[in-house]
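Reader: Hi! I'm new to looking at protein models, and I'd love a close look at one part of this one.

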Amino acid sequence: GIMLLGVAGPDDLVVFAIGYFLMGIGAGVQLAMQSVAPLFGRFQGTASSALSGAFTFSAAVPLVCAEIMRGLVTEDGGADGGLSYRDARLNVLLTYAGMVVVCAGSALWLMPRGVMFDEIVT
């Protein structure tokens, strides 16, 4: 979704709508993350609240991206060596999408392989 927002033209309402829709579908990930809390034994409440807090804090990412874009854009639309709004949006959102891919890859690399996690019943 974030990649579609990065490559959409300024008047491309359909691509923006599809991008925001795809980002909204990803919101269901929070529910899936809550199921890992029992892996932390007596600290499952702390783990659950930390996951929820991190998910809630992630809502600030679009605001941070918007501020970075605002800082990159020049008044003359890129004529003096700065960036136009479209170029700034493309660079910032594709960089963010790349960071998401790197984080997902590192999570896959760090997760144990071939290990069965049994739920801890307390």
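Before we zoom in, how many helices and strands does the secondary structure of the chain come to? And then, could you take me through isoleucine 2: where is its place, and what is it in contact with?

Author: Sure! Keep in mind that this is a predicted model. The secondary structure comes to six helices and zero strands, so if you read along the sequence you get the pattern α-α-α-α-α-α. The chain has 122 residues, and 16% of them count as buried.

Now for isoleucine 2. You'll find it in helix H1, which covers residues 2-7. Its relative accessibility is 16%, and because buried means under 20%, isoleucine 2 counts as buried. So who's around it? Setting aside neighbours within four places in sequence, isoleucine 2 is in contact with Met23, Leu93, Tyr96 and Ala97. Tyrosine 20 is worth a look too: it sits 18 residues away from isoleucine 2 in sequence, with 7.7 Å between their C-alpha atoms.

Two of those contacts, Leu93 and Ala97, are also on the list of buried residues of H6, along with Ala88, Arg89 and Val92. The cover over the buried residues of H6 includes H1, helix H2 (13-25) and helix H5 (61-72).

Helix H6 itself runs over residues 85-110, which makes 26 residues. At 1.5 Å a residue it should span 38 Å, and its end C-alpha atoms are 37 Å apart, so the two values agree.

Zooming back out, take the contacts in the chain between residues at least 6 apart in sequence: 41% of them join residues at least 24 apart.

Conventions
Residues numbered from 1 in each chain as written. Predicted model: local features only at pLDDT ≥ 70, side-chain atom pairs only at ≥ 80, totals over all residues. Heavy atoms only, no water. Helix = DSSP H or I, 4+ residues; strand = E, 2+ residues; numbered from the N terminus. Buried < 20%, exposed > 50% of the residue type's maximum accessible area, 1.4 Å probe, protein only. Contact = heavy atoms within 4.5 Å. Expected span 1.5 Å × (residues − 1).
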